[in-house]
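Me: I'm new to this structure and would love a friendly tour. Could you walk me through it with a few questions and answers?

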Amino acid sequence: QVRLVESGGGLVQPGGSLRLSCAASGRTVSSPTMAWFRQAPGKEREFVAAISWSGSEIYSVDSAKGRFTISRDNKNTVYLQMNSLKPEDTAVYYCAAGWIDTGTRPNDYDYWGQGTQVTVSS
């Protein structure tokens with residue numbers, strides 16, 4: 001019903017920046033909230049940021065506050081601008097879509113992208 005495709009991941013040095021993109025197709029207008037999660041090997045999927053249909057932004061205090069910015073482009077593409085990256089930011093980053101405006105848990109979302117690898121290393 002909704003297809004999400006992430007891009008923009010890669011290898012970056014500590015302190016560097018990356019911008020992730022998530023292109024949505026299908027019933028995109030029916031998904032009020034889109035979010036970014038990340039998952040490192042052996043760890044649970046972790047909330048990073050979310051943006052509602054109206055543009056309200058929610059950030060994880062632990063992982064993104066002050067460094068990450070989520071934005072939306074015509075509600076078709078969602079971005080995650082990541083600055084001052086740290087090695088602990090290394091993970092697979094997933095785009096998600098759902099109908100809960102302030103969802104911060106994986107179960108709040110119904111559709112997921114395939115993920116894009118972000119590696120922060122010297």
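**Aromatic rings and a strand**

Reply: Happy to! This predicted model holds 6 aromatic pairs. In one pair, the rings of Tyr109 and Trp112 have centres 6.4 Å apart and planes at 70 degrees.

Me: Is the pair of Tyr109 and Trp112 stacked, tilted or edge-to-face?
Reply: The angle of the planes is the thing to look at here. Planes over 60 degrees apart count as edge-to-face. The planes of Tyr109 and Trp112 stand at 70 degrees, so this pair is edge-to-face.

Me: Is Tyr109 buried or exposed?
Reply: The cut-off for buried is under 20% relative accessible area. Tyr109 has a relative accessibility of 5%, so the label is buried.

Me: Which residue has its charged end over the ring of Trp112?
Reply: Trp112 belongs to a cluster linked by ring pairs, together with Phe37, Phe47, Tyr94 and Tyr109. Over the face of Tyr94, at 3.9 Å from the ring centre, lies Arg45. The charged end 4.7 Å from the centre of the Trp112 ring also belongs to Arg45.

Me: Which residue of β11 is the bridge partner of Gly10?
Reply: Strand β2 (residues 10-12) runs parallel to β11, joined by 3 bridges. Along β11, Thr116, Val118 and Val120 point to one face and are buried, whereas Gln117 and Thr119 point to the other and are not. The partner of Gly10 is Val118.

Me: What stands opposite Gln117 of β11?
Reply: Strand β9 (residues 91-98) is antiparallel to β11, with 3 bridges between them. Opposite Gln117 stands Val92.

Key:
Residues are numbered from 1 along each chain as its sequence is written. This is a predicted model: local features need pLDDT of at least 70, side-chain atom pairs count only at pLDDT 80 or more; totals for chains, interfaces and linings use all residues. Side-chain values use heavy atoms; hydrogens and water are left out. Rings of Phe, Tyr and Trp (its six-membered ring) pair if their centres lie within 6.5 Å; planes under 30 degrees apart count as stacked, over 60 as edge-to-face and the rest as tilted. Buried means under 20% relative accessible area, exposed over 50%, partly exposed in between (1.4 Å probe, protein chains only). A charge sits over a ring if NZ of Lys or CZ of Arg is within 6 Å of the ring centre and within 35 degrees of the ring normal. Helices (H or I, at least four residues) and strands (E, at least two) are DSSP runs, numbered from the N terminus. Two strands pair if DSSP finds at least two bridges between them.
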